[in-house]
Amino acid sequence: MDLEIYNDDNLIDQKREDWVKDIVQFTFNKLELKDNTQLSIHFVTKDKIHEINKEYRDTDRATDVISFAINDGEDSLDYLEAQIPDLPVDLGDLFISVEIVDEHAKDYEHSFDRELGYTIVHGILHLNGYDHIKPEDEKVMIGLQEKILSAYGLEK
């Protein structure tokens, strides 16, 4: 796993950053992703994620996580990966608002870590092509998400 964490405003401390690396690795293992899979996580403010959401999603509000997948199904990398088997797989980028995660933790009466874990796993699943727009897809995605979180020790 190649994980880049951008925490320029020191929104999370080093201990939590290490924990993030651990839950990302755990999720990668559960999804059986290649060892050379890459991902970046950007911890941002509520204002910054609002700005990103407005600019790229045309949604004028803050949210907890925004995912930008490198390979979103439009331009498949399957051919290239077949030609170069050790080619690193870049899933894309997650932008996570620590402030919104904290608000959600309080609203849902979860610990901050449970909510942050939920947000990270949710984002990674999106980057791997899972979605929850249709009820049948939501059942699959949320079921897998809860399975990963429970196995990690972050039950509801």
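## A tour from Leu-144 to the sheet

Start at Leu-144, which sits in helix 6. The model is predicted. Select Leu-144 and show what surrounds it. Setting aside neighbours within four places in sequence, the residues in contact with Leu-144 are Leu-31, Leu-125 and Tyr-130. Now add His-122. His-122 and Leu-144 are 22 residues apart along the chain, and their C-alpha atoms are separated by 9.5 Å.

**Stop 1: helix 5 and helix 6**

Select helix 5, residues 112-127, and helix 6, residues 135-152. Two quantities describe a pair of packed helices: the angle between the axes and the distance between the axes. For helix 5 and helix 6, the angle is about 130° and the axes are 10 Å apart. The two helices are therefore oblique to each other. Their crossing is right-handed.

Show the side chains at the contact. Helix 5 supplies Arg-114, Gly-117, Tyr-118, Val-121, His-122, Leu-125 and His-126. From helix 6 come Met-141, Ile-142, Leu-144, Gln-145, Glu-146, Ile-148 and Leu-149. Colour this contact by class: 8 residues are nonpolar, 4 polar and 2 charged.

**Stop 2: helix 1 and helix 6**

Keep helix 6 and add helix 1, residues 14-30. Helix 1 and helix 6 pack at about 125°, and 10 Å separates their axes. This pair is therefore oblique too. The crossing of helix 1 and helix 6 is right-handed.

On helix 1, pick Trp-19, Asp-22, Ile-23, Phe-26, Thr-27 and Lys-30. On helix 6, pick Ile-148, Leu-149, Ala-151 and Tyr-152. By class, this contact holds 7 nonpolar residues, 1 polar and 2 charged.

**Stop 3: an aromatic pair**

How many aromatic pairs does the structure hold? There are 4. Zoom in on Trp-19 and Tyr-152. The ring centres are 6.1 Å apart and the planes stand at 75°, so the pair is edge-to-face. Trp-19 belongs to helix 1 and Tyr-152 to helix 6, so label both before moving on; the pair links distant parts of the chain, 133 residues apart.

**Stop 4: helix 1 and helix 5**

Hide helix 6 and bring back helix 5. The axes of helix 1 and helix 5 come within 10 Å and cross at roughly 45°. They are therefore oblique to each other. The crossing of helix 1 and helix 5 is right-handed.

Select the helix 1 side: Arg-16, Trp-19, Val-20, Ile-23, Val-24, Thr-27 and Phe-28. These meet Phe-112, Asp-113, Leu-116, Gly-117, Ile-120, Val-121 and Ile-124 in helix 5. The class count for this contact is 10 nonpolar, 2 polar and 2 charged residues.

Trp-19 is worth keeping on display here. Trp-19 takes part in the contact with helix 5, in the contact with helix 6, and in the ring pair with Tyr-152.

**Stop 5: the sheet**

Switch to the strands. They form an open sheet of 4 strands in the order 1-2-4-3, with mixed pairing. Which strands stand at the edges? Strand 1 (2-6) and strand 3 (65-69) do; each has a single partner strand, so one side of each has no neighbour in the sheet. From one strand to the next, the twist averages 15°.

Now select strand 2, residues 37-44, and strand 4, residues 89-97. These two run parallel and are joined by 7 bridges. Click Val-44: its bridge partner in strand 4 is Ser-97.

**Stop 6: helices on the sheet**

Add helix 2, residues 46-57. Helix 2 lies across strand 2, strand 3 and strand 4, and runs at about 45° to strand 3. Then return to helix 5. Helix 5 packs on the sheet as well, touching strand 2, strand 3 and strand 4. The direction of helix 5 makes about 145° with that of strand 4.

End with helix 5 selected. From here, the view takes in its contacts with the sheet, with helix 1 and with helix 6.

Notes:
Residues are numbered from 1 along each chain as its sequence is written. This is a predicted model: local features need pLDDT of at least 70, side-chain atom pairs count only at pLDDT 80 or more; totals for chains, interfaces and linings use all residues. Side-chain values use heavy atoms; hydrogens and water are left out. Two strands pair if DSSP finds at least two bridges between them. Axes are lines fitted to C-alpha atoms, for helices over the stretch in contact, and angles run from 0 to 180 degrees between N-to-C directions. Contact means heavy atoms within 4.5 Å. Angles under 35 degrees count as roughly parallel, over 145 as roughly antiparallel, 65 to 115 as roughly perpendicular and the rest as oblique. A crossing is left-handed if the near helix is turned anticlockwise from the far one by less than a right angle, and right-handed if clockwise. Ala, Val, Leu, Ile, Met, Phe, Trp, Tyr, Cys and Pro count as nonpolar, Asp, Glu, Lys and Arg as charged, and the others, Gly among them, as polar. Rings of Phe, Tyr and Trp (its six-membered ring) pair if their centres lie within 6.5 Å; planes under 30 degrees apart count as stacked, over 60 as edge-to-face and the rest as tilted.
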